[in-house]
There are 2 protein chains.
Amino acid sequence: MAEHTLKRFDEELERLSSTISEMGGLAETALTQCLVALRQSDSEVAEQVIAADARVDALDIAVQEQTVKLLALRQPMAVDLRVILSSIKIAAALERIADYAKNTAKRTIVLNSVTAPPAAVTGIDRLGRLVRTALKDVLDAFAQGDVTKAHDVWTRDEEIDQVYTGLFRELLTYMMEDPRTITSCTHLLFMAKNIERAGDHVTNIAELVSFRTTGHGFDETRPKGSASLYAAGNAS
Amino acid sequence: MAEHTLKRFDEELERLSSTISEMGGLAETALTQCLVALRQSDSEVAEQVIAADARVDALDIAVQEQTVKLLALRQPMAVDLRVILSSIKIAAALERIADYAKNTAKRTIVLNSVTAPPAAVTGIDRLGRLVRTALKDVLDAFAQGDVTKAHDVWTRDEEIDQVYTGLFRELLTYMMEDPRTITSCTHLLFMAKNIERAGDHVTNIAELVSFRTTGHGFDETRPKGSASLYAAGNAS
């Protein structure tokens, strides 16, 4: 193959990675800002999160287009194929995470017109910060191709699930104690679920970072939180 | 290119489509059976739905592997690339639908130990049957490459969203009227959300069926249900 084609291929591959890194940065900001909007009952910040999602969607489409270009440029080898196919999946996961942040921001706006138990809001914020840190770390692992760091993120999913399950039970008790909080707690339940799902996608990205480099995910069965009755609140 | 390579490529492409059709059949069965389990409070049927999901996951991986094989076999042309890339996405959507059915089945088992308002169960069943019919039709559209049929499915998402939003409000009123139903209604809320999300994936598949054939989705903005306060229960 001509050298300039090889060079072009490497450049396109580079461009693909930086598009994904840009998506990752935006997803991280969305997650951070939807928690700010919740903590400060700030609908304006929530609106910004909602508006910013369009850029993430556009980058997801850009990743798909860049992938097609790469595949058309040459018949990729095993390792390149892995990188290309995992890029599509990582982009899809980041798009979902930003989407969950957007939905959380939408619910924050609804929440501002009803009364929510402050302790529950704190619980969501705690859960959200766990997931945001995991996202930050998995993006670092992606940028550095660091499988050990990705594995560390992957093991943290258990804690996130446990915090989610605790929050789920807590929200049920608030509703039972004071039925006037049912509407707000229902939104908080879905917000918690959004964030827990975002955490699942972070875990998936961690596995994809491993797959890119090693050709396989992490060997052990994925850690799972509580297996109690309420675990169905957890499963996906 | 040698004729036998072309023949092999066509065979692999054929195989990819039949794998997706098999996945579609399994997703449809999962959706049907999780509604049977709910209507009849039958935990055994629910367990079958849960167990059957492993096969769908395996087929999703098979689709990815077949895709890699196809891409390695030759540098595909525009239309083949579209078919291959949309196959990955349709498989992912079917995997998600089966997953939502599995989660709904899990919640059915939990629900059997608490009291759920019968009217709400009927509501979930109605919503589920709408989505199941849409899934059946989009699989037909896929098998026949029928863009008109896919467009018909795509327009039905609005009705599904409306039924979901109505159900969401209904469930809130049950909880407020009788706080003893809060636990069961919370599970029903998540079941409704699962089914509504499954419906979103059906809509995505409809767009992908169009994309495979025409190179683009459906032009109009996707129809959206209620824009009311509770629409956040809808958004994703």
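**Notebook: chains A and B of a predicted model**

I began with R8(A), which forms a salt bridge with E12(A), the closest N and O atoms being 3.7 Å apart; the term stands for a side-chain nitrogen of Lys or Arg within 4 Å of a carboxyl oxygen of Asp or Glu. Both R8(A) and E12(A) belong to helix α1 (residues 3-39) of chain A, 4 residues apart, about one turn of the helix; helices (H or I, at least four residues) and strands (E, at least two) are DSSP runs, numbered from the N terminus. Over all chains I noted 28 salt bridges.

I recorded the conventions next: this is a predicted model in which local features need pLDDT of at least 70 and side-chain atom pairs count only at pLDDT 80 or more, while totals for chains, interfaces and linings use all residues. Side-chain values use heavy atoms, without hydrogens and water, residues are numbered from 1 along each chain as its sequence is written, and chains are lettered from A and ligands numbered from 1 in the order in which they are written.

I then turned to the interface, where the contact (heavy atoms within 4.5 Å) takes 38 residues from chain B and 38 residues from chain A. The area buried between the two chains (accessible area, 1.4 Å probe, lost on being put together and summed over both) is about 3400 Å², with 67% given by carbon and sulfur atoms. On the side of chain B that touches chain A, the elements giving two or more residues are α2 (43-73), α3 (78-111), α6 (157-177) and α7 (182-214) of chain B, and α3(B) supplies the largest share, 11 residues. Across this interface I found 0 salt bridges by the rule.

I also checked how the copies are related: a turn of 180° and a shift of 0.0 Å along the axis lay chain B on chain A with an RMSD of 0.0 Å, superposed by least squares on the C-alpha atoms of residues with pLDDT of at least 70 in both. The two copies are thus related as by a two-fold rotation axis, and in chain B the C-alpha nearest the axis is that of Q75(B), 2.8 Å from it. I noted that 100% of the interface residues of chain B are also interface residues in chain A, so the copies meet through the same surface.
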